[in-house]
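Morning, everyone. I have one structure to walk through today. Please have a look at it before I start.

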Amino acid sequence: MICPVTAMLELIGGKWKPIILYCIRSEKRRFGEIAARIPNISRKVLTEQLKELELDGLVVREQFKEIPPRVEYSLTELGKSLSPVLNEMEKWGSVYIKNRE
């Protein structure tokens, strides 16, 4: 039997995926907006991580037939179901940062 925490970490584990999900949890964002909100991630890594999140069914990539091309990323219903987890991570992180000061 697989551990539930292991199953979750297989989908959202790593350095960048939780941050990407947190960044788009409340609204659609364009690639450039995500990159601007996560300044330490390279464009190549952001692209790879977004593709993985899309393949895992957590993120939807919507491409518009416009010039210049426009692409927006948002959470699927499965991705949205992670919002409470991400919100709790935010709360915990805030307390941790405050206690370190």
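**A walk through the chain**

Of the 101 residues in this chain, 32% are buried. Keep in mind that this is a predicted model.

Let me start with the layout. The chain holds six helices and three strands. Going along the sequence, the order is α-α-β-α-α-β-β-α-α. Along its principal axes, the box filled by the C-alpha atoms is roughly 50 × 40 × 25 Å. About 7,200 Å² of the chain is exposed, and carbon and sulfur atoms account for 57% of that area. Now the contacts. Take those between residues at least 6 apart in sequence: 51% of them link residues at least 24 apart.

Next, the inside. The largest nonpolar core has 21 residues. Which of them touch the most other members? They are Ile20, Leu21, Ile34, Leu46, Val59 and Tyr73. Several elements feed this core with at least two residues each: helix 2 (17–23), helix 3 (31–37), helix 4 (43–55) and strand 3 (70–75).

Pick out Ile20 on your screens. Leave aside residues up to four places away in sequence. Ile20 then touches Ile38, Ile41, Leu46, Gln49, Leu50 and Leu53. Leu46, you'll recall, is also on the list of core residues with the most contacts to other members.

Now to an arginine. Arg29 sits in strand 1, which covers residues 29–30. Is Arg29 buried or exposed? Its relative accessibility is 6%, so Arg29 counts as buried, the cut-off being under 20%. What does its side chain reach? The backbone oxygen of Cys23, at 2.9 Å. Beyond residues up to four places away in sequence, Arg29 touches Cys23, Ile24, Ile34, Arg37, Val71, Glu72 and Tyr73. Two of those names, Ile34 and Tyr73, came up a moment ago in the core.

Let's move to the loop between strand 2 (59–64) and strand 3. Glu66 lies there, and Pro68 lies in that loop too. The peptide bond joining Ile67 and Pro68 is cis, with omega at about -5°. Glu66 has a relative accessible area of 36%, so it is partly exposed. Its side chain makes a polar contact with the side chain of Arg70, at 2.8 Å. Arg70 has a second partner to show you. Arg70 lies over the face of Phe64, 3.7 Å from the ring centre. So when you look at this loop, put Glu66, Arg70 and Phe64 in one view.

Last stop, the aromatics. How many aromatic pairs does the structure hold? One. The partners are Trp92 and Tyr96: their ring centres are 5.3 Å apart and their planes are at 5°, so the pair is stacked. Where do they sit? Both are in helix 6, residues 83–100. They are four residues apart, about one turn of the helix. Trp92 counts as exposed, because its relative accessibility is 60%. Tyr96 is at 41%, so it counts as partly exposed.

To recap with three places to click on. Arg29 is buried, and its side chain reaches the backbone oxygen of Cys23. The cis bond is between Ile67 and Pro68. And the stacked pair is Trp92 with Tyr96. Thanks, that's my slot.

Technical notes:
Residues are numbered from 1 along each chain as its sequence is written. This is a predicted model: local features need pLDDT of at least 70, side-chain atom pairs count only at pLDDT 80 or more; totals for chains, interfaces and linings use all residues. Side-chain values use heavy atoms; hydrogens and water are left out. Buried means under 20% relative accessible area, exposed over 50%, partly exposed in between (1.4 Å probe, protein chains only). A polar contact is a pair of N or O atoms within 3.5 Å; within protein, one must be able to donate a hydrogen and the other to accept it, and residues adjacent in sequence count only if both atoms are side-chain atoms. Contact means heavy atoms within 4.5 Å. Rings of Phe, Tyr and Trp (its six-membered ring) pair if their centres lie within 6.5 Å; planes under 30 degrees apart count as stacked, over 60 as edge-to-face and the rest as tilted. A charge sits over a ring if NZ of Lys or CZ of Arg is within 6 Å of the ring centre and within 35 degrees of the ring normal. Accessible areas come from the Shrake-Rupley method with a 1.4 Å probe; for residues, only the protein chains shown count as cover. A nonpolar core is a set of buried Ala, Val, Leu, Ile, Met, Phe, Trp, Tyr and Cys residues joined through side-chain atoms within 4.5 Å.
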